[in-house]
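Please examine the sequence and the three-dimensional structure shown below. The report that follows describes the overall build, the backbone, a pair of helices and an internal cavity.

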Amino acid sequence: MKLSQFKFRLPDESVALEPPHKVFENEDGTVEKVYRRDEARMMVIHRKSQTIDMYAKDDDGKDTDRFITFRDIINYFDEGDVMVLNDTKVFPARLFGTKEKTDAQIEVFLLRELNEELRLWDVLVEPARKIRIGNKLFFEDDGPMVAEVIDNTTSRGRTLRFLYDCPHDEFKRELFGLGSAPLPRYIVNRRESTPDDNENFQTIYARHEGAVTVPASGLHFSRELMKRLEILGINFAYVTLHLGLGCFDPIEVEDLTKHKMGSEQMTVTPEACDIVNRAKAEGHRVCTIGVSSLRAAESAVSTDGMLKEYTGWTNKFIFPPYDFGLADALVANFYHPESTMLMATAAFGGYDLVMGAYQQAIDNGYKFGCYGDCMLILDD
């Protein structure tokens, strides 16, 4: 397929800048926001019958005037079904420093630690034109956190050596204490990050630190909803795929077969394999939560349709047409035009059906992006 086939007009007002929430005014006049992760809207796509549901049903099976929300997902799965979740943990990757002598403010976006002993980090800097090898960056007015640029890696990429002599755990704690939630550019260009984002931009089941963006479809799970799913008998299989910024890199070729995804580290444990494969063998459904979980599953599925243990890297790029080997269902957010996540969603649900659903989402006020609404694609 061609890149231009995934182009559509996305109004600014359709992009969510915050998670679903309610605003309350206290007696003293202050305003308080209460975030409700599982109240995001959820459009339900039936790929075999080629139908789309937006409204909850009444007892007679007729549409009501209430939009389906994510907490209704419990109505679409049965005891023994499995949800595959990406338990990567986002670290506070965005921080700001000042350049020596000029005091110019520089945004530093941490990507990955290259060498623990030498305190070497792969980063992006903005504005990149001001940062050259040998420059020093200061991250506190009077604090000890200083970094030296020792290499150029890409047009915006640099390698930094942090000049901080202390135990590694203390260094990481101090470094991350200076950072903020690595919200996507489409959010931070319109508002500043807040302390609330440190919690909101993280799934409730995040365990393994290493991501610089969140597996957004997992943000819809609340602790209450997960407990209800457990009581129903839904099993959870956790895989780890440390998301980098490759999913946000613009695709610069029209022919999608020529696009190369950046590699990301991933792990599929024997425990996850046991949970998924037992469900498959017993005829239960497997639902991947988010494109990252879908990519991890497709990177580790064997030719017999079973999940296999894996530790390594993946640059799996999924776009139509694609034959899926594992999942029967997918939860995916509404993504931006020409994004790799949209392409993977269209490959799973069918190009025409998914693109039609996207237009319906825009027409009906659904929200797009990491804090936005989602769709559930079922194989029925």
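Where does P321 lie? In this predicted model, P321 is found in the loop between β19 (310-314) and β20 (329-333). The backbone there deserves attention, and the report returns to this proline after an outline of the whole protein.

**Overall build**

The protein contains 8 helices and 21 strands. Its radius of gyration is 22 Å, close to the 21 Å that the globule rule gives for 380 residues, so the protein is as compact as a globular protein of that length. The C-alpha trace spans about 70 × 60 × 40 Å along the principal axes.

**Backbone features in loops**

Most residues other than glycine have a negative phi, and most peptide bonds are trans. Against this background, several places in the model may be listed.

| Place | Feature | Value |
|---|---|---|
| E126 to P127 | cis peptide bond | omega near 0 degrees |
| P320 to P321 | cis peptide bond | omega near -10 degrees |
| Q50 | positive phi, not a glycine | about 60 degrees |
| K101 | positive phi, not a glycine | about 75 degrees |

P321 thus follows a cis peptide bond from P320. The other proline in the table, P127, lies in the loop between β11 (120-126) and β12 (136-138). Q50 is placed in the loop between β3 (42-46) and β4 (51-53), and K101 lies in the loop between β9 (94-99) and β10 (105-115).

**A pair of packed helices**

Two packed helices are described by the angle between their axes and the distance between the axes. Helix α7 (residues 340-349) packs against helix α8 (residues 351-363) at an angle of about 125 degrees, and their axes are 6 Å apart. An angle in the range from 115 to 145 degrees counts as oblique, and therefore α7 is oblique to α8. On the side of α7, the contact is made by L342, T345, A346 and G349. Helix α8 contributes Y351, L353, V354, M355 and Y358. Which classes of residue form this contact of α7 with α8? The contact has 7 nonpolar and 2 polar residues, with no charged residues.

**An internal cavity**

The structure holds 1 cavity of 30 Å³ or more. The volume of the largest cavity is about 80 Å³. Its lining consists of P19, P20, Y35, R37, N200, L219, H220, C370, Y371 and G372. By class, the lining of the largest cavity has 6 nonpolar, 3 polar and 1 charged residues. The lining of this cavity therefore includes a charged residue, whereas the contact of α7 with α8 has none.

Technical notes
Residues are numbered from 1 along each chain as its sequence is written. This is a predicted model: local features need pLDDT of at least 70, side-chain atom pairs count only at pLDDT 80 or more; totals for chains, interfaces and linings use all residues. Side-chain values use heavy atoms; hydrogens and water are left out. Axes are lines fitted to C-alpha atoms, for helices over the stretch in contact, and angles run from 0 to 180 degrees between N-to-C directions. Helices (H or I, at least four residues) and strands (E, at least two) are DSSP runs, numbered from the N terminus. Angles under 35 degrees count as roughly parallel, over 145 as roughly antiparallel, 65 to 115 as roughly perpendicular and the rest as oblique. Contact means heavy atoms within 4.5 Å. Ala, Val, Leu, Ile, Met, Phe, Trp, Tyr, Cys and Pro count as nonpolar, Asp, Glu, Lys and Arg as charged, and the others, Gly among them, as polar. On a 1 Å grid over the protein atoms alone, a cavity is a set of points where a 1.4 Å probe fits but cannot get out, and a pocket is an open set with protein on both sides within 12 Å along at least five of seven lines; lining residues have an atom within 4 Å of a point. Grid points are joined across faces, edges and corners, and a volume is the space filled by probe spheres set on the points. The radius of gyration is taken over C-alpha atoms; the globule rule is 2.2 Å times the number of residues to the power 0.38.
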